[in-house]
Amino acid sequence: MRATTTTVLESSPLTVRELARAVGAEDQWVLRLVEVEILHVDTPSEPPERWHFRSADLQRALAARRLERDFGANLDTAALILDLQSELRRLRALMGAHGLA
């Protein structure tokens, strides 16, 4: 298996198709990530063809993909795990800022 690298610049974010391709998934899988709130779009009322994703979105999509692959997690479960991980990082940073870590 050959590894590839995808660079996402703020000036040129990824489309649904590009994000799907970057994580080795179908477009519908990316739409499902938005549906379960793993990814958030600035204009959800716009058609998916107009949605754009940034580097952090690519990282979350890759993390969701790993949770599916490595642990058999469905996307609802992956969303919960990713949210808990994010909250844990936020709380650790807060504790560190207050000298409690």
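A salt bridge is taken here as a side-chain nitrogen of Lys or Arg lying within 4 Å of a carboxyl oxygen of Asp or Glu. The structure is a predicted model, in which local features need pLDDT of at least 70 and side-chain atom pairs count only at pLDDT 80 or more, whereas totals for chains, interfaces and linings use all residues. Residues are numbered from 1 along each chain as its sequence is written, and side-chain values use heavy atoms, with hydrogens and water left out.

**Salt bridges**

Side chains of opposite charge can pair when their charged atoms come close. Searching the whole structure gives nine salt bridges, among them the three pairs tabulated here.

| Pair | Closest N to O distance |
|---|---|
| Asp-27 and Arg-17 | 2.8 Å |
| Arg-69 and Asp-70 | 2.8 Å |
| Arg-90 and Glu-87 | 2.7 Å |

The pair of Asp-27 and Arg-17 joins distant parts of the chain, since Asp-27 belongs to helix α2 (residues 27–35) and Arg-17 to helix α1 (residues 16–23), ten residues apart; helices here are DSSP runs of H or I with at least four residues, numbered from the N terminus. Arg-90 and Glu-87, by contrast, both lie in helix α4 (residues 75–97), three residues apart, or about one turn of the helix. An α-helix has 3.6 residues a turn, so residues three or four places apart point the same way.

Accessibility is described by relative accessible area, with buried meaning under 20%, exposed over 50% and partly exposed in between (1.4 Å probe, protein chains only). On this scale Asp-27 is partly exposed at 21%, Arg-90 is partly exposed at 45%, and Glu-87 is partly exposed at 34%. In the remaining tabulated pair, Arg-69 is exposed at 58%, while its partner Asp-70 is partly exposed at 44%. Beyond these pairs, a network of salt bridges links Arg-32, Glu-35 and Asp-76.

**The two faces of helix α2**

Trp-29, Val-30, Leu-33 and Val-34 are the buried residues of α2. These residues lie on the same side of α2 because they cover an arc of only 150° around the axis, the arc being that of the directions from the helix axis to the C-beta atoms. They pack against α1, α3 (55–71) and α4, where contact means heavy atoms within 4.5 Å. The face of α2 turned away from this buried side carries the exposed residues Gln-28 and Glu-35, and Glu-35 is also a member of the salt-bridge network with Arg-32 and Asp-76. Just after α2, Glu-37 adopts a positive phi of about 65°.

How values were computed. Helices (H or I, at least four residues) and strands (E, at least two) are DSSP runs, numbered from the N terminus.
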